[in-house]
Protein chains: 2
Amino acid sequence: MARLVTIPESDIATITSDQTELARYAKALSHPVRVYILTTLSKQTCCYSGDLAEILPIARSTLSQHLSELKNAGLIQGEFLPPKIKYCINRENWERSKHLMMQFYGLTIE
Amino acid sequence: MARLVTIPESDIATITSDQTELARYAKALSHPVRVYILTTLSKQTCCYSGDLAEILPIARSTLSQHLSELKNAGLIQGEFLPPKIKYCINRENWERSKHLMMQFYGLTIE
DNA sequence: TGTCCGTTTCGTAATTTTACGAAATACGAA
DNA sequence: TTCGTATTTCGTAAAATTACGAAACGGACA
């Protein structure tokens, strides 16, 4: 980018790693189905992919994609209990995302 | 969808309007540049598109797109003060998104 | 071994997002 | 009216997202 040459570095905005991380978590929350899944999992303990598949008006393969996005974002984790897979919130990253979000909204409370 | 016919409605997950609304706000936060802009605007008072353009390593047209996404999400608003446009946080919707996010994370504090 | 079950991966398609430069717009000032 | 400044819209392209059904997979069990 030409700008990186013509303008001193100190004048370039530094997008912090916290901001990039927050954006990543926000992306995970950017679909109603994923918000629903996370809300469900954060309230109760865990649940099976099949439970969600029966209840949600989307194809199983589509649900699977949403679950793997949440997994990639680190917000949930799956435990293979043949023949089912039990999904739970990843508490550590859940708290991390909460912390970043609070920080973003200027809430220092924890 | 066949599922809507073969399974009684009461067994179908209801994705609430709050969840859909939260997903919409989360989508607005799902890019590092937009997180940066919102953080900047929420801390200080307001700023001009040009201020951001000089500081961010992206094309002005790209910045404009991000700004209009934030506008469409209702999180910022622009005031035309020729020849510049002053952007500020939309406090009402900012608080609304904060509220939904707190609710989502199980924080009833406000 | 073969079969069933729950789930994911594959193949595909439509739509949206992100990005850029060039052109258009809106307005104040010369 | 013409010029200059600040910003957005247009045209375009590449990549990512969302969605589906069909096929594949891994393990339990007959």
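**Note on the protein–DNA contacts and helix α5**

1. The surface near DNA strand C has 8 nonpolar, 9 polar and 5 charged residues. Near denotes a residue with a heavy atom within 4 Å of the molecule or strand. In the classification, Ala, Val, Leu, Ile, Met, Phe, Trp, Tyr, Cys and Pro are nonpolar, Asp, Glu, Lys and Arg are charged, and the others, Gly among them, are polar. The surface near DNA strand D likewise has 8 nonpolar, 9 polar and 5 charged residues.

2. The model is predicted: local features need pLDDT of at least 70, side-chain atom pairs count only at pLDDT 80 or more, and totals for chains, interfaces and linings use all residues. Residues are numbered from 1 along each chain as its sequence is written, chains are lettered from A and ligands numbered from 1 in the order in which they are written, and side-chain values use heavy atoms, with hydrogens and water left out.

3. Around DNA strand C there are 22 residues, of which G50(A), Y87(A), T62(B), Q65(B) and H66(B) come nearest. Of the atoms of this strand that come within 4 Å of the protein, 70% belong to sugar and phosphate. Elements supplying at least two residues each to the surface near DNA strand C are α4 (49-55), α5 (60-72) and β3 (84-89) of chain A and α5 (60-72) of chain B; helices (H or I, at least four residues) and strands (E, at least two) are DSSP runs numbered from the N terminus. The element that gives the most is α5(B), with 5 residues.

4. Polar contacts are pairs of N or O atoms within 3.5 Å; within protein, one atom must be able to donate a hydrogen and the other to accept it, and residues adjacent in sequence count only if both atoms are side-chain atoms. For DNA strand C, a side-chain N or O atom of K27(B) is 2.9 Å from a phosphate oxygen, and a polar side-chain atom of H31(B) lies 3.3 Å from a phosphate oxygen. S61(B) instead addresses a base: a polar atom of its side chain lies 3.1 Å from a base oxygen of DNA strand C.

5. For DNA strand D, the nearest of the 22 surrounding residues are T62(A), Q65(A), H66(A), G50(B) and Y87(B). Sugar or phosphate holds 71% of the atoms of DNA strand D within 4 Å of the protein, and bases hold the rest. Here α5(A) contributes the largest share of the surface, 5 residues.

6. Three side chains of α5(A) deserve inspection against DNA strand D. S61(A) places a polar side-chain atom 3.2 Å from a base oxygen, and Q65(A) places one 2.8 Å from a base nitrogen. The side chain of T62(A) has an N or O atom 2.8 Å from a phosphate oxygen of that strand.

7. The geometry of α5(B) is regular in length: its 13 residues reach 18 Å from first C-alpha to last, close to the 18 Å expected at 1.5 Å a residue, where the expected span is 1.5 Å times one less than the number of residues. Its buried residues are L63(B), H66(B), L67(B) and L70(B). They cover an arc of only 100° around the axis, which puts them on the same side of α5(B); the arc is that of the directions from the helix axis to the C-beta atoms. S61(B), Q65(B) and N72(B) are exposed on the face turned away from the buried side. Buried means under 20% relative accessible area, exposed over 50%, and partly exposed in between, with a 1.4 Å probe and protein chains only.

8. What covers the buried residues of α5(B) includes α2 (17-28), α3 (32-43), α4 (49-55), β2 (76-81) and β3 (84-89) of chain B, contact being heavy atoms within 4.5 Å. After α5(B) comes G74(B), with a positive phi near 85°.

9. Chain A has 6 helices and 3 strands, arranged along the sequence as α-α-α-β-α-α-β-β-α. Of its 110 residues, 43% are buried. Where contacts in chain A join residues at least 6 apart in sequence, 52% join residues at least 24 apart.

10. F80(A), in strand β2 (residues 76-81) of chain A, merits a separate remark. F80(A) counts as exposed because its relative accessibility is 57%. The C-alpha atoms of F80(A) and Y48(A) are 9.9 Å apart, with their positions 32 residues apart in sequence numbering.
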